[in-house]
Amino acid sequence: MPGDFTLPQLDERVLSTLNADGSRRWIDPKAVRGPLHSARAVVAWSLIAVFTVLPWMRIDGKPPILLDVMTRHFTVFGTTFRPTETLLLALLLLVVFVSVFLATAVLGRVWCGWGCPQTVYLEFVYRPLERLVLGKGAVRSGGAATWRRIALYALFLLISAHLANTFLAYFVGTDRLVQWTLRSPAEHPAAFAVFAITTGLMMFDFVFFREQLCTLVCPYGRFQSVLLDRDSMIVTYDSRRGEPRANAIERKAMAAEGKPAGDCIECSWCQQVCPTGIDIRDGLQLECIHCTQCIDACNAVMEKVGKPKGLIRYSTQSRIEGLKGRVFRYRVAIYVAVLGALIAAMALLLDRRVPVLVEQARMIGVNFTELPGGVVRSPVRLLLENRTEADVWATVRGTGDAQVEGSEVRALIPALEAMQVDMAVLSPASSFGRGSRSATLRVETGADSSREVTVRLAGPFGGGSP
Ligand code: SF4
Ligand code: SF4
């Protein structure tokens with residue numbers, strides 16, 4: 001009967017961060033202490049220190065990492081690349097991606113829980129500060145005094161501004177950043193707008209959006225089902241040991257009936273410390289960022305009730321099910337092989353990287369001229385790209401029967417710039433075959449750097465050798 005149809009009832013909440021009525025479910029994870037948390041704190045503060053200090057360091061006068069999008073120069077550990085070196089940059093990106101795939105296949109979402117700036121800053125800067133200023137239990141409940149909330153948001157704003165500045169330093173460099181900071185925003189409104197928007201985005205993310213960035217926005221969590229396999233390390237609950245879970249009252253009842261209870265005492269401590277609001281006992285979920293807080297929490301509980309630690313632990317699905325785990329799998333071998341090939345290709349490209357790139361550039365609407373004495377004058381345009389940090393004088397000369405008009409052409413190529421240099425090459429008309437011929441030009445760009453480049457010369461049809 002159609003009239004009997006009733007809509008299925010939604011659970012109390014739809015997602016870990018969303019209630020059934022569509023409202024935000026605020027997550028206020030309890031603070032947890034334990035060996036894994038201490039180790040994460042060391043890693044987190046080391047990463048924060050590196051992230052903060054790196055833009056201020058100098059290698060040969062340059063920052064270790066500077067992605068200057070305005071001048072389109074990308075500096076990585078002392079070497080500056082121009083955007084034309086796309087193959088190297090593409091290989092570098094591929095190396096990063098495949099390394100993440102490999103790390104995930106072996107160690108699970110170790111990046112999310114230990115290295116991602118979102119986790120590091122949220123769990124080790126913003127959240128501890130919130131607990132400190134508002135006091136335990138008053139985080140989202142509104143129990144804290146107004147002055148505490150104002151003080152907290154002022155501190156958040158300060159930290160977000162500092163974070164935005166540090167982040168921008170990787171793109172504009174600290175020298176420019178200091179200049180901007182010391183001058184009035186009216187002198188550099190565009191730069192100030194970028195700073196203000198970045199600070200606003202930091203505030204939005206770390207104060208309001210929080211774990212939703214991991215659960216709703218970041219694609220990495222969604223990839224985990226294809227990146228992980230049964231032998232990848234994951235944070236997992238040992239259901240064979242923990243089930244049937246039972247609290248103290250249920251335990252007594254089960255004991256009276258002679259039924260054994262599992263080690264899980266249903267204290268929900270693992271849920272209460274979870275920053276993404278999930279229950280790890282439901283199995284591997286995309287919301288789990290492998291922060292290991294539930295491991296520390298459950299181990300503390302197990303210690304208290306006199307049971308062995310590790311009811312929740314780092315393990316693999318195979319091992320948790322009592323099967324033999326494998327570290328080396330086809331997936332891992334393939335990732336290692338691909339990574340090795342990419343690194344080798346990068347090393348080769350870096351080794352063959354020339355300080356000045358020389359290429360023939362196309363000339364439109366310019367033609368050759370036939371001179372008296374059977375000589376052909378062919379215009380040639382060279383593109384010279386200086387990839388070094390110093391201005392370079394380039395001298396172009398001809399070889400064999402193809403000579404540069406005026407015997408040589410000299411041009412000053414500014415550091416990290418590219419320029420076109422026009423010249424004419426004189427060669428015998430008899431050397432042209434079907435309207436063109438090749439010629440070799442020698443380009444000297446310093447006392448110890450000389451290169452030869454093959455160019456195509458336009459000339460008359462017929463006669464002579466091609
Ligand atoms: S913390 Fe451990 S004992 Fe408590 S509910 Fe979670 S798994 Fe069970
Ligand atoms: S389930 Fe455990 S490891 Fe996963 S996010 Fe929650 S607390 Fe962290």
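Helices (H or I, at least four residues) and strands (E, at least two) are DSSP runs, numbered from the N terminus. This is a predicted model, in which local features need pLDDT of at least 70, side-chain atom pairs count only at pLDDT 80 or more, and totals for chains, interfaces and linings use all residues. Residues are numbered from 1 along each chain as its sequence is written, while chains are lettered from A and ligands numbered from 1 in the order in which they are written.

**Exercise 1. A residue before a helix**

Find where T292 lies, and decide whether T292 is buried or exposed.

Solution.
- Step 1: Look between α12 and α13; T292 sits in the loop there.
- Step 2: Check the backbone. T292 has a positive phi, near 70°, although T292 is a residue other than glycine.
- Step 3: Apply the burial rule: a residue is buried if 20 or more other C-beta atoms lie within 10 Å of its own, exposed if 12 or fewer, and partly exposed in between, with C-beta atoms placed from the backbone. T292 has 22 C-beta neighbours inside 10 Å, so T292 counts as buried.

**Exercise 2. Helix α13**

Describe the span of α13, its buried residues and what they pack against.

Solution.
- Step 1: Compare the span with the expected one, which is 1.5 Å times one less than the number of residues. With 12 residues, α13 reaches 17 Å from its first C-alpha to its last, close to the expected 16 Å.
- Step 2: List the buried residues of α13: Q293, C294, I295, D296, A297, C298, N299 and V301.
- Step 3: Find their partners, using the contact rule that two residues touch if their C-beta atoms, placed from the backbone, lie within 7 Å. The buried residues of α13 pack against α1, β6, α12 and β7 (312–315).
- Step 4: Move past the helix. G306, which follows α13, has a positive phi near 70°, and P308 lies in the loop between α13 and β7. P308 counts as exposed because it has 10 C-beta neighbours inside 10 Å.

**Exercise 3. Around the two ligands**

Say which residues come nearest to each ligand, and how each shell divides by class.

Solution.
- Step 1: Set the terms. A residue is near a molecule if its C-beta atom, placed from the backbone, lies within 6 Å of it. Ala, Val, Leu, Ile, Met, Phe, Trp, Tyr, Cys and Pro count as nonpolar, Asp, Glu, Lys and Arg as charged, and the others, Gly among them, as polar.
- Step 2: Take ligand 1. Of the 15 residues around it, C264, C267, W269, C270 and C298 come nearest. This shell has 11 nonpolar, two polar and two charged residues.
- Step 3: Trace the sources. α12 (269–272) and α13 (293–304) each supply at least two residues of the shell around ligand 1, and α13 gives the largest share, three residues.
- Step 4: Take ligand 2. C274, I280, C288, C291 and C294 come nearest among the 14 residues around it. Here the classes are 10 nonpolar, four polar and no charged.

**Exercise 4. The largest nonpolar core**

Work out which elements and domains build the largest nonpolar core.

Solution.
- Step 1: Recall that a nonpolar core is a set of buried Ala, Val, Leu, Ile, Met, Phe, Trp, Tyr and Cys residues joined through C-beta atoms within 7 Å. The largest one has 40 residues, and V235, C270, I280, C294, A297, C298 and I312 have the most contacts inside it.
- Step 2: Name the elements giving two or more residues to this core: α1 (35–53), α4 (117–134), α5 (146–172), α7 (189–209), β6 (234–237) and α13.
- Step 3: Place the core. Since domain 1 (15–225) and domain 2 (233–320) both give residues to it, the core lies between them. These bounds come from an automatic or database domain assignment.
- Step 4: Zoom in on I312. Leaving aside its neighbours within four places in sequence, I312 is in contact with V235, Y237, C270, I280, C294, I295 and C298.
- Step 5: Note a second, separate core of 17 residues, which includes A402, V409, A439 and L457.

**Exercise 5. A contact far along the chain**

Identify the helix that holds V95, and the residues that V95 touches.

Solution.
- Step 1: V95 is in helix α2 (residues 86–107).
- Step 2: V95 has 16 other C-beta atoms within 10 Å, so V95 is partly exposed.
- Step 3: Neighbours within four places in sequence aside, V95 is in contact with L339, L342, I343 and M346. The C-alpha atoms of V95 and G340 are separated by 9.0 Å, though the two residues are 245 residues apart along the chain.
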